[in-house]
Amino acid sequence: MWTCPDIVDFFLMSTKVLIIGACGQIGTELTAALQTTYGALNVIASDIRKSDNDVFADSPFEILDATNKEQIRACIEKHQITDVYLMAALLSAKAEKNPEFAWELNMNSLLYVLDFAKDKLIEKVFWPSSIAVFGKNSPKVQTPQHTIMDPSTVYGISKLSGERWCEYYHKNHGVDVRSVRYPGIISWKARPGGGTTDYAVEIFHEALEKGSYTCFLKEDTALPMMFMDDAVRATISIMNAESSAIKIRSSYNISATSFTPKELTSEIQKLLPDFTIEYAPDFRQQIADSWPESIDDTDAANDWNWSAHFDTKAIVAEMIENLR
Ligand code: AKB
């Protein structure tokens, strides 16, 4: 006789996940979490090249170029994928150095995957947006879900356009696409690359290796931040929520904490009293200045019970303990 757990097991077993861009900062930890949920053999990790992180030894791995529609289609067909997590993207700072490629990667990969969902090749899509969708005229403090959005970076423009496409494909083609706007993500397992919020990870590595850090943002630049465990939990919860609960099909604001480099430094100094910091702002300062300081995530809390677990103090403790 079928019982509830049997049905849940069947649902989990019948889910086959493809992570595109699995070797990045978020993809690496998302791969591990999805392996726990669905079983390693039901998680297909893919990226333009394979990283040597142990997590990729357990699951099938495909070399996949996210700008190549036919390669993605072949991989989906080969593994009978149901859910795609599209994590490949050029982040804010790197995208400013290579705008054409950033647009091609960030936009085309999304449109390909949305098309596959429209054609019923896959059932569900996760695509990350970012606080970079906001701009100089968006309210800076507790930035609301729905407000002025005037991004000034190529990355932000691609994320805002992507959000519009997600909503369009949901409304017009019934595509089950789900998305959150990630703030800066802080983690110790895999390094970030090419973002404006990367300082908040670099600072821990340098604090432990050298005892000092030169920050590329000014000391009073407040930005929204989140620990990786919260980011991965948000990603998996929105994907596992009932479809009817997901009322926003562009992308949800999510929030955990917010701090300046100066505030982060004083929190680090509580555990590493000799740590020192200097400031040498570069082109990333202008990007950070256009972003919110903090985010209102009431809609995510109401619709799918989102709440963060890690505040700044807890993040600092986790980072130092694990990197040590
Ligand atoms: C970046 O800094 O570009 C990213 C982001 C906030 O989306 N971490």
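1. Tyr85, Phe126 and Tyr182 are joined by ring pairs into a cluster, as seen in this predicted model. The count of aromatic pairs in the structure comes to 10. Within the cluster, the ring centres of Tyr85 and Phe126 are 5.9 Å apart and their planes meet at 35 degrees, so this pair is classed as tilted. Because Tyr85 belongs to strand S4 (residues 83-86) and Phe126 to strand S5 (residues 124-126), the pair ties together parts that are 41 residues apart in sequence. Both Tyr85 and Phe126 are buried.

2. A further pair worth inspecting is that of Phe227 and Phe310, whose ring centres lie 4.7 Å apart with the planes at 50 degrees, so that this pair, too, is tilted. Phe227 is found in strand S11 (residues 223-227), whereas Phe310 sits in the loop between helix H11 (298-304) and helix H12 (312-323), and the pair therefore ties together parts that are 83 residues apart in sequence.

3. On the burial of this second pair, Phe227 has a relative accessibility of 1% and therefore counts as buried. Phe310 has a relative accessible area of 18%, and because buried means under 20%, Phe310 is also placed in that class.

4. Charged side chains should be considered alongside the ring pairs. Lys97 is positioned over the face of Phe283, at 4.0 Å from the ring centre, and Arg284 is positioned over the face of Phe216, at 3.5 Å from the ring centre.

Conventions
Residues are numbered from 1 along each chain as its sequence is written. This is a predicted model: local features need pLDDT of at least 70, side-chain atom pairs count only at pLDDT 80 or more; totals for chains, interfaces and linings use all residues. Side-chain values use heavy atoms; hydrogens and water are left out. Rings of Phe, Tyr and Trp (its six-membered ring) pair if their centres lie within 6.5 Å; planes under 30 degrees apart count as stacked, over 60 as edge-to-face and the rest as tilted. Helices (H or I, at least four residues) and strands (E, at least two) are DSSP runs, numbered from the N terminus. Buried means under 20% relative accessible area, exposed over 50%, partly exposed in between (1.4 Å probe, protein chains only). A charge sits over a ring if NZ of Lys or CZ of Arg is within 6 Å of the ring centre and within 35 degrees of the ring normal.
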